[in-house]
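This report introduces a protein structure to a reader who has not met it before. The sequence and the model are shown first, and a description by topic follows.

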Amino acid sequence: MSTGPGADSAPAPKPHEDIRTTPLPHKGGMFSSLRIRNYRLFAIGQVVSNTGTWMQRIAQDWLVLGLTGSSAAVGITTALQFLPILLFGLYGGVIADRCPKRLLILGTQVASGLTGLALAALTLSGHVQVWHVYLIAFVLGLVTVVDNPARQAFVHEMVGPADLRNAVSLNSANFQSARLIGPAVAGVLITAVGSGAAFLFNGLSYLAPITGLLLMRTGELHKAETAPRGKGQLREGLRHVRERPDLIWPIALIGCVGTLGFNFPIWLTAFADDVYHAGAGTYGLFNTLMAAGSLAGALLAARRGGSRRRVLIGSAAAFGLLEIAAALSPTFWLFALLLVPIGVFGLTTNVIANSTVQMAVDPAMRGRVLSLYMMVFVGGTPLGAPVVGWVTDTYGPRVGFAAGGVASLLSAVAIGFALARAVGVRLRVDLRRGRRHLEFVPREKRPDAAVATAA
């Protein structure tokens, strides 16, 4: 702690001021991170493999639905893919903090490509059974345990702190761009050839990120601090998060919303099949519309100079409300159009939470904290997906979708109030004309607290 002159002269932020994370200044622009060669190689490889990933997701969900006729079975497949993250996600973060990120990602990309090729071989040969899909989904989840924290932490090594938030947003834009292409192509392939072609493309698509990683100039990477082997590193990472409100609240919110509000494979397959009696092309259309909104949300996030936590809470609440509205929509095209703003606010919630955590975390613990973030966001799906699938099968797609929206809305409201209490503010509602109707103001001190302070 500094004890020199003026060490404590900087004014502390007022309790009612909006809290934000402010990155170091950079050259600006929505695509500023792409001026860095290593990141360009990374981004190009990712957009190819992400396109294949989305093709496989669509084909996998439709294949399981065709083999079983059950939305719950689609939920089980999703759960098995993300169950390893829930069980072992924190250990993946420890590995990511200990090992060179680039070499680690090379290994995970090779393994992911092999899972796609295995599923393609089974499907194209006509021998695929639902337990094959379950097994491959689980294996891919094991690979993701290490890949997710390593890949996210590697972004800092490629771009440095000044461009970190922009690169995080562009990663999301990259993923959503592929989401626009992948479902549309998958719908055509499934209808014309079958699911096996989509699985084959996904397996081969990993050649792009592998090539990009091999072509990187390692001397231009920002040196990353690696954690030596030692006992208690997992507990150390959890303690770091517990002691930091700027970390724990975004992680808590994204965990709640991710567990019950992001089960779109279940809902969209059910709406396409049961509500609108359509095929894989309609399911692909639904995913494409949501991806268009998500891409817009990611690009808007890339332009922001900071991440307001009140925007995080507001976007999560809007996401829940829009899900409820979509579930109750009386027509096909109204439902389809509502998927666009659902994509905008869902992606905005994820990007702001992710960039907030990335900017606040201690660099030596980045892998562990990001693995916790991904564990509660993605790993919560194994807990939520079977429940959501059961509700959807039992009470219908509209009830299942609406239940996810209600859960997201209530989570945003509850965590918003908890965060406001933690920073000493309250929400003031003023309906008078010419006034700000909603405003955060300092929480009044109780008289006994004021007396105690004076004493």
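## Surface and overall composition

What does the accessible surface of the protein chain come to, and what percentage of it belongs to carbon and sulfur atoms? In this predicted model, the accessible surface is about 20,100 Å², and carbon and sulfur atoms hold 66% of that area.

The protein chain has 455 residues, of which 53% are buried. Its secondary structure consists of 17 helices and 4 strands. Among contacts with a separation of 6 or more, 84% join residues that are 24 or more positions apart.

## A nonpolar patch on the surface

Seven named side chains need not be sought one by one, since V110, L114, L117, L124, L200, L204 and L207 together make a nonpolar surface patch of about 630 Å². Two elements, α3 (101-124) and α6 (195-205), each give two or more residues to this patch. The largest share, 4 residues, is that of α3.

One member of the patch, L124, is placed in helix α3. L124 has a relative accessible area of 53% and is therefore exposed, the cut-off being over 50%.

## Helices α9 and α10, and the residue that follows

Helix α9 covers residues 245-261. With 17 residues at 1.5 Å a residue, α9 should span 24 Å, and its end C-alpha atoms lie 23 Å apart, so the two values agree. The buried residues of α9 are L247, P250, I251, L253, I254, G255, V257, G258, T259 and G261.

Helix α10 covers residues 264-275, and its buried residues include F264, I266, W267 and L268. Also buried in α10 are T269, A270, F271 and A272. After α10 comes H277, with a positive phi near 50°. Most residues other than glycine have a negative phi. H277 is not a glycine, yet its phi is positive at about 50°. H277 is placed in the loop between α10 and α11 (280-303). The relative accessible area of H277 is 66%, which is over 50%, so H277 counts as exposed.

## Two buried polar residues

Is S315, in helix α12 (residues 309-328), buried or exposed? S315 is buried, because its relative accessibility of 3% falls under the 20% cut-off. The side chain of S315 reaches the backbone oxygen of L312 at a distance of 3.0 Å. Apart from neighbours within four places in sequence, the contacts of S315 are with F345, T348 and T349.

Q358 belongs to helix α13 (residues 332-360). With a relative accessible area of 2%, Q358 is under the 20% cut-off and is therefore buried. Which residues does Q358 contact, leaving aside its neighbours within four places in sequence? They are Q152, L164, V168, R366 and L370. Q358 and P161 are 197 residues apart in sequence, while their C-alpha atoms are 9.6 Å apart in space.

Definitions and conventions:
Residues are numbered from 1 along each chain as its sequence is written. This is a predicted model: local features need pLDDT of at least 70, side-chain atom pairs count only at pLDDT 80 or more; totals for chains, interfaces and linings use all residues. Side-chain values use heavy atoms; hydrogens and water are left out. The expected span of a helix is 1.5 Å times one less than its number of residues. Buried means under 20% relative accessible area, exposed over 50%, partly exposed in between (1.4 Å probe, protein chains only). Contact means heavy atoms within 4.5 Å. Accessible areas come from the Shrake-Rupley method with a 1.4 Å probe; for residues, only the protein chains shown count as cover. Patches are made of residues with over 30% relative accessible area and no salt bridge: like charges are joined within 9 Å, nonpolar side chains (Val, Leu, Ile, Met, Phe, Trp, Tyr) within 5 Å. A salt bridge is a side-chain nitrogen of Lys or Arg within 4 Å of a carboxyl oxygen of Asp or Glu. A polar contact is a pair of N or O atoms within 3.5 Å; within protein, one must be able to donate a hydrogen and the other to accept it, and residues adjacent in sequence count only if both atoms are side-chain atoms.
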